[in-house]
Amino acid sequence: MSRLPRTYDPPVKLTPKQANIYVWGFQPEARFRDAVCGRRFGKTFLGKAEMRRAARLAAEWGVSVEDEIWYGAPTFKQAKRVFWRRLKQAIPEAWRATRPNETECSITLKSGHVMRVVGLDNYDNLRGSGLFFVLVDEWADCPWEAWEEVLRPMLSTCQYTLPSGDTRKGGHALRIGTPKGFNHCYDTFQDGRPGHEPDHKSWLYTSLDGGNVPAEELDAARRKMDPRTFRQEYEASFENYAGVVYYTFSRDECRTTERIKPGEALHIGMDFNVMKMSAVVYVVRDDLPMALDEFHAVRDTPEMIEKIKARFPGHTVAVYPDASGQNTSSKNASESDLSLLKKAGFTVVVDSMNPSVKDRVNALNAILLNSYGERRLKVNIDQCPQLTLCLERQTYTDKGEPDKDPKKGHDHMNDAAGYFIAKRYPIKSQTAGARRIGGLA
């Protein structure tokens, strides 16, 4: 495989912050890079430099022509509009084997390698080749499944030999974009922080850091936009997305490091689902709740009972469950979930029917943050990672209802959290009669 011919085309000029991201490319300790950036940071210019370098290295390092080089965006239409023209600008004519394919948005290099612009919405259609390098733009808006099911496996088959003779395995990726709530973009950004994944590296830069937006323009945008949107779009801040159900939750402002004390009375909100039972463990201090532990993806009610007793011996336990548990069982049809909890010696506090979804959501939002700016519910983020994730990520559907998509699974833990709050701290007075089954009255 021959090297690409030398060219005297001027290289893409990068700002210092863009260069910080660029210089870590194709290093073993930064095989997966994540750059979270404000708007107009200059991601496209960085992308041009990244794609040009990938083309050159693929030829120099003897990468198989079956391993391609891709730019990906949420949709093909967006990818073509944003980057196709710029990709043609970045790749010198002297490197191209033929004219660019305008239909497929691909360029074949003289080295035999293929560069493509692709959309990640129809990711099942992308399977087939391997990947030496992929640049994923607007990562927060791309489907996680495109990475997990297609791109990541395609990177795994690549191997090449450096001029030093060292052999390396696995392609490289740069995921870049502006945040959109606490979704997979947040997760992969965390993977690249010091002390996390050894082959990941991440950066967070504001629009001002990019050097392309003057300060007076940022001031004008700040005057026109609400604070949350401005922080997200220009300061690259991870904010609760506008469509999030529990929009008042903030992991920083709701955080507590308090732990459950020996013998302390426990109040457990519980949601019944076979193989997916969830429970949030609260304590009440000075008449205010704190969520200090959780149970996630428990098989059934007997297993949940066993886990609670094993983790919290010597505690009195009151369970605030899904009211439907009085009719069915996660274990079998002969005995209800509520009767199993009663036999275990737990106090069961339940109404004849569940509160409305709206009342439960409003009660939880209000105790997380009320109109006076008071945050009355604190959450131990470290002990309740699944609750934290679900509060940040459950969104509304197009019909205006909380999303209960089983593939996402963000509803069960939030439902469990809400049953206790809606009962103990309701926004409006209870109308249905409450029952206490077993335990203390």
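These legends accompany close-up views of a predicted model.

**View 1. The whole chain, as predicted, with 13 helices and 16 strands.** The C-alpha trace spans about 85 × 50 × 40 Å along its principal axes. Of the 441 residues, 52% count as buried. Long-range contacts feature strongly in the count: among contacts between residues at least 6 apart in sequence, 71% join residues at least 24 apart.

**View 2. Confidence along the chain, with a mean pLDDT of 89.** A score of at least 70 is reached by 92% of the residues. Strand S15 (residues 378–379) has the highest mean pLDDT among the elements, at 98. The lowest belongs to strand S16 (residues 434–437), at 49. Two stretches deserve a separate look. Over residues 429–433 pLDDT stays under 50, and the model has eight contacts beyond four places in sequence for them. Over residues 437–441 pLDDT also stays under 50, with 13 such contacts.

**View 3. The largest pocket, with about 1100 Å³ of space.** The lining consists of 27 residues. Closest to the pocket centre are Trp144, Asn183, His184, Lys408 and His410. Three helices each supply at least two lining residues: H4 (144–156), H5 (184–191) and H12 (385–393). By class, the lining has eleven charged, ten nonpolar and six polar residues.

**View 4. The largest cavity, with about 120 Å³ of space.** The count comes to three cavities of 30 Å³ or more. The largest cavity is lined by 13 residues. Pro321, Asp351, Pro355, Tyr419 and Lys423 are the closest to its centre. Strand S13 (317–321), strand S14 (347–351) and helix H13 each supply at least two residues of the lining. By class, this lining has nine nonpolar, two polar and two charged residues.

**View 5. The tilted aromatic pair of Phe182 and Phe238.** A search of the whole structure finds 20 aromatic pairs. In this one, the rings lie 6.2 Å apart, centre to centre, with 35° between the planes. Phe182 sits in the loop between strand S8 (172–177) and H5, and Phe238 in the loop between helix H8 (227–234) and strand S10 (266–271), so the pair ties together parts that are 56 residues apart in sequence. Both Phe182 and Phe238 are buried.

**View 6. The pair of Tyr282 and Phe420, also tilted.** The ring centres are 4.6 Å apart and the planes stand at 35°. An angle from 30 to 60 degrees counts as tilted, so the pair falls in that class. Tyr282 belongs to strand S11 (residues 277–285) and Phe420 to helix H13 (residues 411–424), so this pair ties together parts that are 138 residues apart in sequence. Are these residues buried or exposed? Buried means under 20% relative accessible area. Tyr282 has a relative accessible area of 1%, so Tyr282 is buried. Phe420 is at 0%, so Phe420 is buried as well.

**View 7. A cluster of aromatic rings built from ring pairs.** The residues linked are Phe26, Trp61, Phe132, Phe133 and Tyr160.

**View 8. Helix H8 and what covers its buried residues.** Which residues of H8 are buried? They are Phe230, Gln232, Glu233 and Tyr234. An α-helix has 3.6 residues a turn, so residues three or four places apart point the same way. The cover over the buried residues of H8 includes helix H6 (207–210) and helix H7 (215–224). Just after H8, Ala236 takes a positive phi of about 55°.

**View 9. Trp147 and its surroundings in helix H4.** Trp147 has 6% relative accessibility, so Trp147 counts as buried. What does Trp147 touch, not counting residues up to four places away in sequence? The contacts are Phe32, Val134, Trp139, Arg152, Pro153, Leu155, Ala173 and Arg175. Trp147 and Trp203 are 56 residues apart in sequence. In space, the two lie 19 Å apart, C-alpha to C-alpha.

Key:
Residues numbered from 1 in each chain as written. Predicted model: local features only at pLDDT ≥ 70, side-chain atom pairs only at ≥ 80, totals over all residues. Heavy atoms only, no water. 1 Å grid on protein atoms, 1.4 Å probe; cavity = no way out; pocket = protein on both sides within 12 Å on 5 of 7 lines; lining within 4 Å. Points joined across faces, edges and corners; volume = space filled by probe spheres on them. Helix = DSSP H or I, 4+ residues; strand = E, 2+ residues; numbered from the N terminus. Nonpolar A, V, L, I, M, F, W, Y, C, P; charged D, E, K, R; others polar. pLDDT = per-residue confidence, 0-100. Contact = heavy atoms within 4.5 Å. Phe/Tyr/Trp six-rings, centres within 6.5 Å; stacked < 30°, edge-to-face > 60°. Buried < 20%, exposed > 50% of the residue type's maximum accessible area, 1.4 Å probe, protein only.
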